[in-house]
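Thank you for making time for this. I would like to walk through one structure with you, going from charged residues to the nonpolar core and then to the surface.

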Amino acid sequence: MRKFTKAHLEIRRLSATDILWLFVYLVLVSFSLYFNFLKDKMSFLVVLVTSAFFAFIILTTPFGLRFRSIYFSIIWLVFSLLFMLNMVSEAFEPFLLFVLYHVIRLIFWRTYDREFIPFTVAKGHMYRYVSKIEHKGGTDIDKYYMKLLGVGGLVITILCFVRLIG
């Protein structure tokens, strides 16, 4: 039986892939802060690539299911706050997408009393993902919320990019 906190976050161990993703994020955040400390122009490039990479993954894959783990979410939140020390608008994108994902999943949970299962977006189509934890796949309702996540994420990405240019 799974244990949940008040925010419907799971209390479970991090898997090896969770740890790997967090390590990749930590390395990219560390590089961006290191180059930022040196006042190197490479910092901007690392921030841009990191933000774009994780925005793409969060918005087009079921990566967000990892955010259900309270441990993964807390570590992601800490790394995102460290990443925002770069003071570049694009550095705010992973944090804002993290918050958006949690808002959508909590609205979904409150409305349908179950976990949101995101779809995979590829080649112009949305493909159903079957959650190994839930033993269910996404429904048309999940697809609708995935579209909301995509539109909201696109708006956040555009706003961060416009602020960066401006």
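Let me begin with Glu-115, which counts as buried because its relative accessible area is 1%, under the 20% cut-off. Please keep in mind throughout that what we are looking at is a predicted model. Glu-115 sits in the loop between helix 4 and strand 1, the strand covering 120–122, and its side chain makes a polar contact of 2.9 Å with the side chain of Arg-105.

Glu-115 also brings us to a second acidic residue, since it is among the residues that Asp-142 touches when those up to four places away in sequence are not counted. Asp-142 belongs to helix 5, and with a relative accessible area of 0% it is buried as well. The other residues it touches on that count are Phe-108, Arg-114, Phe-116, Ile-117 and Phe-119, and with Arg-114 there is a side-chain to side-chain polar contact of 2.7 Å. For a sense of distance across the model, Asp-142 and Met-84 are 58 residues apart in sequence and 30 Å apart in space, taken from C-alpha to C-alpha.

Now to the salt bridges. In general, side chains of opposite charge can pair when their charged atoms come close. Five salt bridges are present in the structure, and I would like to follow the network that links Glu-10, Arg-12, Asp-18 and Arg-66. Starting from Glu-10, which is buried at 2% relative accessibility, we find a salt bridge to the side chain of Arg-12 at 2.7 Å, N to O. Arg-12 is partly exposed, with a relative accessible area of 24%, and it forms a further salt bridge with Asp-18, where the closest N and O atoms are 3.3 Å apart. Asp-18 is again buried, at 1%, and its side chain meets that of Arg-66 in a salt bridge of 2.5 Å, N to O. This last pair links distant parts of the chain, with Asp-18 in helix 1 and Arg-66 in the loop between helix 2 and helix 3, 48 residues apart.

Turning to the nonpolar interior, which members of the largest core touch the most other members? Of its 31 residues, these are Tyr-25, Phe-63, Phe-67, Trp-76, Leu-97, Phe-116 and Leu-149. The elements that give two or more residues to this core are helix 1 (16–37), helix 2 (42–60), helix 3 (70–83), helix 4 (93–112) and helix 5 (140–165). If we take Leu-97 and leave aside its neighbours within four places in sequence, its contacts are Ala-55, Ile-58, Leu-59, Gly-153 and Ile-156.

Is Leu-96, a residue of helix 4, buried or partly exposed? At 33% relative accessibility, it counts as partly exposed. Beyond residues up to four places away in sequence, Leu-96 touches Ile-156 and Cys-160, while Met-126, 30 residues away in sequence, is 23 Å from Leu-96 in space, C-alpha to C-alpha.

Finally, the surface. Ile-74, Val-78, Leu-82 and Leu-85 form a nonpolar patch there, and together they have about 330 Å² of accessible area. Of these, Leu-85 has its place in the loop between helix 3 and helix 4.

Key. Residues are numbered from 1 along each chain as its sequence is written. This is a predicted model: local features need pLDDT of at least 70, side-chain atom pairs count only at pLDDT 80 or more; totals for chains, interfaces and linings use all residues. Side-chain values use heavy atoms; hydrogens and water are left out. A nonpolar core is a set of buried Ala, Val, Leu, Ile, Met, Phe, Trp, Tyr and Cys residues joined through side-chain atoms within 4.5 Å. Buried means under 20% relative accessible area, exposed over 50%, partly exposed in between (1.4 Å probe, protein chains only). Helices (H or I, at least four residues) and strands (E, at least two) are DSSP runs, numbered from the N terminus. Contact means heavy atoms within 4.5 Å. A polar contact is a pair of N or O atoms within 3.5 Å; within protein, one must be able to donate a hydrogen and the other to accept it, and residues adjacent in sequence count only if both atoms are side-chain atoms. Patches are made of residues with over 30% relative accessible area and no salt bridge: like charges are joined within 9 Å, nonpolar side chains (Val, Leu, Ile, Met, Phe, Trp, Tyr) within 5 Å. Accessible areas come from the Shrake-Rupley method with a 1.4 Å probe; for residues, only the protein chains shown count as cover. A salt bridge is a side-chain nitrogen of Lys or Arg within 4 Å of a carboxyl oxygen of Asp or Glu.
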